[in-house]
Amino acid sequence: MVHKLGLKLWSVNTDYYYNEAQKLYNERVYDYIELYVVPDTLDTLASWKKLQIPFTIHAPHFAHGFNMAKAKKTDSNRIIYEEIKRFADELNAPYIVFHGGIDGDIKETARQLASFNEPRALIENKPYVALPNRMGGEFCRGYNIDEIKLVMDIANCGFCLDFGHAFCAANSLKMEPYAYCEELLKLKPDYFHLTDIKDVTSPYDSHPHLGEGKLDIKRILNMIPDSKGITFETVKNTKDNLDDFKKDMKWLKNIG
């Protein structure tokens, strides 16, 4: 397989998955870590720096108080961004993935992201409807092509294409999902997120393991240009090992 494969971890995962991540990297199971930065965890940065592994960074989202779609969050978002930047700088990350936020206004998202003047920024596409009772809001910003393009243009940033989110949004927009993915690819994504999908007609996001859903993953992989990074955001079933991720990667390489 010619793509670069990524393991998604959180900055707080220094206890549960840290040693296992190094072991699997040494075994060439994956190529880099995408680290989701939980606010107020700068104390973990020294541990992550010790790993001889490439990193990309994922900014926190609304569940951790970071919501660029709301003007009232400008000041607190800036404080969190400075922590994100510190992780990206010290881990030499080429990308920082941002969500557009919940509810609010996509123009505000673009304004705030532009204010960071962050050359590594990528905006990620989202479903249209948020998961009920879990997301602190109803509608995700950055769910369609026009919103993604607006942020890219105003903030002068790149694009992270999440295929699971694309299917959710396509179902809300009454579009054929694979065709919608092809339209998103015209925005020339720098980077990708992927899981399987149990219900390819649902507007709601889910993260099942590879081979446990209905997504034509081989078809999706053929859409992705060579050498691009693909972070796998499948669920983790245990807190003391990454056996399920290792199984996902084995499944993936067997279909390649």
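Leaving aside its neighbours within four places in sequence, which residues is Ile33 in contact with? Keep that question in mind while you set up the view of this predicted model, since the answer comes at the second stop.

**The whole chain**

Begin with a cartoon of the entire protein, in which the secondary structure comes to 9 helices and 8 strands. The radius of gyration is 17 Å, close to the 18 Å that the globule rule gives for 256 residues, so the protein is as compact as a globular protein of that length. If you turn the model along its principal axes, the C-alpha atoms fill a box of roughly 45 × 45 × 35 Å. Switching to a surface shows about 11,700 Å² exposed, of which carbon and sulfur atoms supply 48%, while buried residues make up 55% of the 256 residues. Among contacts with a separation of 6 or more, 74% are accounted for by residues 24 or more positions apart.

**Ile33 and the nonpolar cores**

Next, select Ile33 and display the side chains around it. With neighbours within four places in sequence left aside, Ile33 is in contact with Leu7, Leu9, Ala21, Trp48, Leu51, Ile53, Pro54, Phe55 and Thr56. Add Ile57 and Phe98 to the selection: together with Ile33 and Trp48, these touch the most other members of the largest nonpolar core, which has 70 residues. A second, separate core consists of 5 residues, and to find it you can select Val97, Leu122, Cys160 and Tyr191, which are included in it. In soluble globular proteins, nonpolar side chains tend to be buried together.

**Helix 7**

Now move to residues 177–185, which form helix 7, and colour Pro177, Tyr178, Tyr180, Cys181, Leu184 and Leu185, which are buried. These residues cover an arc of only 155° around the axis, which puts them on the same side of helix 7. Showing the surroundings reveals what the buried residues pack against, namely helix 5 (145–155), strand 6 (158–162), helix 6 (163–172), strand 7 (191–194) and helix 8 (217–223). At the N-terminal end of helix 7, select Glu176, which acts as a cap through a side-chain oxygen lying 3.1 Å from the backbone nitrogen of Tyr178.

**His3**

Finish with His3, in the segment before strand 1 (4–10). Is His3 buried or exposed? With a relative accessible area of 10%, His3 is buried, because that value is under the 20% cut-off. Draw a distance from its side chain to the backbone oxygen of Ile224, which His3 reaches at 3.0 Å. Not counting residues up to four places away in sequence, His3 also touches Asp31, Leu221, Pro225, Asp226, Ser227, Lys228 and Ile230, besides Ile224 itself.

How values were computed: Residues are numbered from 1 along each chain as its sequence is written. This is a predicted model: local features need pLDDT of at least 70, side-chain atom pairs count only at pLDDT 80 or more; totals for chains, interfaces and linings use all residues. Side-chain values use heavy atoms; hydrogens and water are left out. Buried means under 20% relative accessible area, exposed over 50%, partly exposed in between (1.4 Å probe, protein chains only). Helices (H or I, at least four residues) and strands (E, at least two) are DSSP runs, numbered from the N terminus. The arc is that of the directions from the helix axis to the C-beta atoms. Contact means heavy atoms within 4.5 Å. A polar contact is a pair of N or O atoms within 3.5 Å; within protein, one must be able to donate a hydrogen and the other to accept it, and residues adjacent in sequence count only if both atoms are side-chain atoms. A nonpolar core is a set of buried Ala, Val, Leu, Ile, Met, Phe, Trp, Tyr and Cys residues joined through side-chain atoms within 4.5 Å. The radius of gyration is taken over C-alpha atoms; the globule rule is 2.2 Å times the number of residues to the power 0.38. Accessible areas come from the Shrake-Rupley method with a 1.4 Å probe; for residues, only the protein chains shown count as cover.
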